[in-house]
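Subject: Structure handover and notes

Dear colleague,

I am passing the structure below over to you, together with my notes on it. Please read the notes with the model open beside them.

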Amino acid sequence: MKFRYLLFLLVAFSFSNLHSQDTTQTFLDLKPTGVEDFLNKYPKYDGRGTIILILDTGVDMGIDGLKTTPLGQTKMIDVRDFTGQGDIELFDTKLKNEQNEVVLADALGKNGTGEITITNDEHKLSIKGINKLSLKAADDKYYIGNFDENRFKNSNSLVRDLNSNGKFDDNFIVVAFKVSKGGEEYWVAYFDTNSDGSIADEKPVRSYQEKYDTFQIATSAKIAPFNFAINIFPGQKKISLFYDDGGHGTHVAGIAGGYQIGKEKHFNGVAPGSRLIALKIGHNTMSGGATVTESMKRAFLYADSLSKKLDEPCIINMSFGIGSVIEGYSDMELFLQDLLRKNPYLYVCVSNGNNGPGISTAGLPASGKYVFSSGAVLTNAVARDVYGAEIGEDIVLHFSSRGGEVPKPDVVSPGACVSTVTNWSTNDRMWGTSMASPYTTGVVSLLMSAVSQKYPGIKIPSQLLFKAIRQGAVKLKDYNYLDQGAGYINVLNAYSVLEKYIKDKEYMDYVDYTVSAYVPSMPNNRAPNLYFRNGLVINKEDSFNFFISKVNALQSDKFYRIYNLKSDCDWLLPVQKKTYLRNQQGANVSVRFDKSKMTEPGLYSGKITAYRDDNKTKFPEFELQASVIIPYEFTRSNNYSMSWENEKLMPGKHKRYFIHVPQGASAMIVKMNTPKKGYSQVIYRLFDQDGVNTYTSSLLSSNNKEVESIVSHQDLKPGVYELVVHGYFMAKELSNYNLSVEFTGVKAVGEDAIVDAKTKSIKISNSLDQVKSYQLSGRLLGYQKNFQAEFSSTDKYSYDFVIRKGESLKQFEVNTTKEDFNKLTDLSLLVYDESGKAILKDGLNYPNGVISIQNTFGNADSTTLRLVIVPAFALKAGNATINVKEITEMTTPAEFEVESNHSDQVEWYPEVEKRIRLGIVKPEYYYPSGSCPYGKLYLKSIKDERVELEIPFLIK
């Protein structure tokens, strides 16, 4: 009996394992974060009773996985477009009979009147079938509009032929009017979806929120590309057509709340019981579906108003943003700070940005205090089953933006998965912090679903909920606070913490705090974190202050609270053990650094937590985060050169090298190679002193052979650069590499290398204490000119230019100030041909960027194009200046001789200027008015015969 019983157990165990493997999804991994176990334990806390608002490119509400909830309810309950992309203007109409005579509206109900057409002669719009509709206008007023296929010419979906008839300029007429029926008044619209010139065979469509009506444009293809919904705005004489031709929003929605994705029974998003609202903020004719002026703001205001009207908790996901340059001080971040202070029950989750792995890369508006930002993790299961990679453990993805001046990300969440996609999409797997944020949003939905059902009537402030999620996060090894925030999100842990908060009634007297500390790199020297990009300037006797105040400090309520201070590392030392806050009075906490514990170059990141001084809860009230970089120094003593041998990296992991650029350096030469014996799959990225990624190497790949990469980085700024090497996540084993960095100080005298047209010479000196020898050569490459795009109460600038035969490319270097960039939520750059087709789309993630157009126009003597710059102002169209440098390169550069003292080989000693003479013969190029010829001097190292420096110059 024992044997048979044991055999039964083994069989049952094997069957249960098999069953678990069949039902556990791995394409959208719910296991490592506790979501799978949470839903098994609390199946009713699946997001039901909560609403998730998706601010994105739109969401296709007709896709499997986004149609219904587990209870059979319609999943998508509201859609709105704040970009204007789907706007259709409505016009007054006349009714005409078959003899083209104007008839009255009451003729529609009479027999024998024949076919009646509704028309607007001014805009040449007409449609038949109005007299065959079952619904009539209550006030005898009909309106007509046109949805033109031409608006998809530059759609990111690449769908241009909506009805698959081989044409791209079809018009789909729409008629709208008010109906009074059954004691109800409402508006309907009829679309000529099959473009047959009649609406007699069309169904009436109401504003989506009223009846969840959708429609498709008839197509010969098996699946129509878009599911459409509408909102009718009679007062504005407008119909807003809603659709997702960006694809991003549909993928995001499935992660947060998808149910039975692809009709697969066990394939769900994080919170399948939630209901969704889609708010379109991205205009999908621009790169990445960029925001337009005020689209983000208006969506947040709409969400805010809904959250105050509805009983269900409203949770926003916004997987949108750009690089933050003055962290926490952008117009959008300040707007959200004010909005969310006033509405503590609106829960806003955002992506932290994809600008990592360098530190100080958290995005905008992720750097704001009141939003909850997520970094991205690649789970082992997704790596294996979606990408075919063997990483062995969950890793923070290389691109995930890191913190620095601000304590972001708040947490990290799975940021790679398969999810719902639009019909036209060709790929259903995506990765990014865009995918991590809706995962976090789903977790918030699960927690609020649990609270609303188990603790009805209790309202949890967003900041208290976010604190519970941070406290419940699991620390990932090999990552610091700047990489992972509080750690890897875990819903079971967060729920346990949250229940303790509820038991202790923390929601009743929750206090929020503002923390600021000294940061020398910030314009006002203040930021939420204590952050030193160059810790070499800190003396052992130095101390620094955090200032803490209550957010609601102006309230007259009496307040007195004492806090115990505890550091989690031995180098970050609070001077006092306790502090307190009284009424409106703030508090200073002094800290110092134990430099004896910070001798090795690298990043030091620590935290002091202030716990409530009581014997009951020891509640963590606020945190004081500090990060200090001790960089490698390059001096005369090491000949401005350092190397690291036999470095090793696991797949997906990274190493940081902080490089202090010596004063006067003109170039940083980075050499990376693989050993002759060993395996390597590595990439390096270089980040400047502001945390901006200035260079990404190609993959250095080898197996038992030596491969070498040497790159000279110029245009250096004073400060500490960060060089990050990371192992390719698809690597099969440990990667080995050698790395070296050296500097040179040879550069042109003065800020700009201007060559006098008469003397044809330039001065070059050496600013470092080293001797450098180079062989010189030069090329005249083309011409350049500068102009400015001025914005004042407008949000578009157009610049016409010509590419001529003999010119290989046009390049536009675009830059603006940090202050102007902080006014924006996007800055789009587009190049159109004469037909209005966008041949190039891009955008600035930081105040500086480049867009290049190759001459691919065959033998055309000239091609006229248009550069359009579109800043998306956060609050309203305002003042900004964009500086543009237009560089034109010729197909055949003109080479010329370069010499000093009759030799093309020159040796530079420190602080010695040399006059270099250029044997330029100006070629017969076409130089437009206002332009200057430009070229480059090439300085080739005599030691190893490689070009180490390129010095650009202008001829004036």
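What follows goes through the cores, the sheets, a helix pair and some individual residues.

Please keep in mind throughout that this is a predicted model.

I begin with the interior. The largest nonpolar core has 83 residues, and those that touch the most other members are Leu 378, Ile 460, Leu 465 and Ile 469. Helix α8, spanning residues 433-454, supplies the largest share of this core with ten residues. Taking Ile 469 as an example, and not counting residues up to four places away in sequence, its contacts are Phe 372, Val 411, Val 444, Leu 447, Ile 489 and Ala 494. There is also a second, separate core of 69 residues, with Ile 51, Ile 277, Val 348 and Phe 812 among its members.

Strand β14 deserves a closer look. This strand, residues 275-280, is largely enclosed by the rest of the structure, because five of its six residues are buried. Its pairing with β1 is parallel and runs over six bridges, with Leu 53 standing opposite Ile 277 of β14. Strand β2 also runs parallel to β14, the two being joined by five bridges, and here Met 76 stands opposite Leu 276. In the loop between β1 (51-56) and β2 (76-81) one finds Gly 72, which counts as exposed at a relative accessibility of 54%. The C-alpha atom of Gly 72 is separated by 19 Å from that of Val 59, the two residues being 13 apart along the chain.

Two open sheets can be described in parallel terms. One has four strands in the order β35-β43-β37-β41, with antiparallel pairing; β35 (641-649) and β41 (708-713) stand at its edges with a single partner strand each, so one side of each has no neighbour in the sheet. From one strand to the next, the twist of this sheet averages 15°. Within it, β37 (residues 667-673) pairs with β41 in the antiparallel sense over six bridges, and Met 668 stands opposite His 713 of β41. The other open sheet, also described as four strands with antiparallel pairing, has the order β6-β5-β7-β8. Its edges are β6 (102-103) and β8 (125-128), each of which has a single partner strand, so one side of each is left without a neighbour in the sheet. Strand β7 (residues 117-120) pairs with β8 in the antiparallel sense over four bridges, and Thr 117 stands opposite Lys 128 of β8.

For strand β56, which side chains are buried and which are not? In this strand, residues 905-908, the side chains alternate, with Val 906 and Trp 908 pointing to one face and buried, whereas Gln 905 and Glu 907 point to the other face and are not buried. Strand β47 (residues 772-791) pairs with β56 in the antiparallel sense over four bridges, and Lys 772 stands opposite Trp 908. Another residue in a strand is Thr 863, in β53 (residues 862-873), which is buried with a relative accessible area of 14%. Leaving aside neighbours within four places in sequence, Thr 863 is in contact with Phe 801, Val 802, Ile 803 and Phe 857.

Turning to the helices, α5 (residues 295-309) and α6 (residues 331-342) pack at an angle of about 10°, and their axes are 11 Å apart, which makes α5 roughly parallel to α6. From α5, the residues Met 296, Lys 297, Phe 300, Leu 301 and Asp 304 meet Met 332, Phe 335, Leu 336 and Leu 339 of α6. Seven residues of this contact are nonpolar and two are charged, with no polar ones.

Finally, some backbone details may be worth checking in your own setup. Most residues other than glycine have a negative phi, and most peptide bonds are trans. The bond from Gly 356 to Pro 357, however, is cis with omega near 5°, and the one joining Leu 364 and Pro 365 is cis with omega about 10°. Ser 164 has a positive phi, near 55°, and is partly exposed with a relative accessible area of 32%. Asn 525 has a positive phi as well, near 65°, and is found in the loop between β24 (513-518) and β25 (526-527).

With best regards

Note on methods:
Residues numbered from 1 in each chain as written. Predicted model: local features only at pLDDT ≥ 70, side-chain atom pairs only at ≥ 80, totals over all residues. Heavy atoms only, no water. Axes fitted to C-alpha atoms, helices over the stretch in contact; angles between N-to-C directions. Parallel < 35°, antiparallel > 145°, perpendicular 65-115°, else oblique. Contact = heavy atoms within 4.5 Å. Nonpolar A, V, L, I, M, F, W, Y, C, P; charged D, E, K, R; others polar. Buried < 20%, exposed > 50% of the residue type's maximum accessible area, 1.4 Å probe, protein only. Pairing = 2+ DSSP bridges. Core = buried A, V, L, I, M, F, W, Y, C linked by side-chain atoms within 4.5 Å.
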